[in-house]
Amino acid sequence: MAEHVVAVYPGTFDPITLGHEDMIRRAAQMFGQVVVAVAAGHHKKTMFALDERLTLARGVFSDVPNIRVESFDGLVRDFVRAQGARVMVRGLRSGTDFDYEFQLAGMNRHLMPDVDTVFLTPSAQYMFISSTLVREIATLGGDEVRQFVSPTVLQQLLAKLGRG
C-alpha cells in the first residue's frame, strides 16, 4: 500500500453501486487514503440529491477508516489539488469506457502533470453494473436491482420510488 498517497475517486454515484463499492474498497487497500468525490452533478439530472448521495456513500464505507466521502462542484482538478491527492482512480467496464476515460486521463494529465490516473476494473460479477441501469431497473419495478446495490442503498432507492 502506498501509505502516504491520497487518491480521489470521482463520480456522480446516483446511486452508488456494488461495482463502485468493489473498486473503491480495493483502492483503499492500495492507497493511504481514498476520497470518494461525489459530484454535485449540475450537468446531470440525478435521482438522488447531493446530500442523499453523500449519506449513502458514507453509510456504505463507514467501516473503512481510510475512505472519506466529500462533495465537489466544478473541475475535478481543483478538488484533487485541494485534497493534496497524487492519484485519481477511475473505473473501466468496457472498451467504450476506455475510449472516454483514456481521453479524460490525457486531459487531466495535461491539467495536473503531478497527478496520475489509475484504472481499475470491477470484479467479474460487477462488470456490467452502472448507476443508469440500476435506476432504470428500479424505476421499471425490477426486483433484481437488489443484486446490484448494498441493502442501505436498496432501501433508499425503493423509498425514493414509493415502494419502500
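**Figure 1. The loop between S1 and H1.** Pro15 lies in the loop between S1 and H1. The model is predicted. A cis peptide bond joins Asp14 and Pro15, with omega at about 0 degrees. Phe13 lies in the loop between S1 and H1 as well. Phe13 is not a glycine, yet has a positive phi of about 55 degrees. Most residues other than glycine have a negative phi, and most peptide bonds are trans. Is Phe13 buried or exposed? Phe13 is buried, because its relative accessible area is 3% and the cut-off for buried is under 20%.

**Figure 2. His20 and its contacts.** His20 has its place in helix H1. The relative accessibility of His20 is 16%, so this residue counts as buried. Neighbours within four places in sequence are left aside here; His20 is then in contact with Tyr9, Phe13, Pro15 and Ser131. Of these partners, Phe13 and Pro15 belong to the loop of Figure 1. Ser131 is one of the buried residues of H5.

**Figure 3. The buried side of helix H5.** H5 spans residues 131-139, and Ser131, Val134 and Ala138 are buried in it. These residues cover an arc of only 60 degrees around the axis, which puts them on the same side of H5. An α-helix has 3.6 residues a turn, so residues three or four places apart point the same way. What covers the buried residues of H5? The cover includes helix H1 (18-30) and helix H6 (151-160). Just after H5 comes Gly141, with a positive phi of about 90 degrees.

**Figure 4. The buried face of helix H6.** Val153, Leu154, Leu157 and Leu158 are buried in H6. Down the axis of H6, these buried residues fall within an arc of 130 degrees, so they line one face of the helix. They pack against helix H2 (50-60) and H5. Gly162, just after H6, takes a positive phi of about 75 degrees.

**Figure 5. Met127 in the loop before H5.** Met127 is placed in the loop between strand S5 (116-120) and H5. At 31% relative accessibility, Met127 counts as partly exposed. With neighbours within four places in sequence left aside, Met127 is in contact with Leu92, Arg93 and Pro122. Ala27 is 100 residues from Met127 in sequence; their C-alpha atoms are 16 Å apart in space.

**Figure 6. The largest pocket.** Its volume is about 1100 Å³. The lining holds 44 residues. Which of them lie nearest the centre? They are Pro10, Gly11, Thr12, Lys44 and Arg90. Two or more lining residues come from each of strand S1 (2-11), H1, helix H3 (76-83), strand S4 (87-91), helix H4 (95-111) and H5. H4 gives the largest share of the lining, eight residues. By class, the lining has 18 nonpolar, 16 polar and 10 charged residues.

**Figure 7. Confidence along the chain.** The protein chain has a mean pLDDT of 93. A pLDDT of 70 or more is reached by 99% of its residues. Where is confidence lowest, and where highest? The lowest is in H4, at a mean of 88. The highest is in strand S3 (residues 67-72), at 98. H4 is also the element with the largest share of the pocket lining in Figure 6.

Technical notes
Residues are numbered from 1 along each chain as its sequence is written. This is a predicted model: local features need pLDDT of at least 70, side-chain atom pairs count only at pLDDT 80 or more; totals for chains, interfaces and linings use all residues. Side-chain values use heavy atoms; hydrogens and water are left out. Buried means under 20% relative accessible area, exposed over 50%, partly exposed in between (1.4 Å probe, protein chains only). Helices (H or I, at least four residues) and strands (E, at least two) are DSSP runs, numbered from the N terminus. The arc is that of the directions from the helix axis to the C-beta atoms. Contact means heavy atoms within 4.5 Å. On a 1 Å grid over the protein atoms alone, a cavity is a set of points where a 1.4 Å probe fits but cannot get out, and a pocket is an open set with protein on both sides within 12 Å along at least five of seven lines; lining residues have an atom within 4 Å of a point. Grid points are joined across faces, edges and corners, and a volume is the space filled by probe spheres set on the points. Ala, Val, Leu, Ile, Met, Phe, Trp, Tyr, Cys and Pro count as nonpolar, Asp, Glu, Lys and Arg as charged, and the others, Gly among them, as polar. pLDDT is the predictor's confidence in each residue, from 0 to 100.
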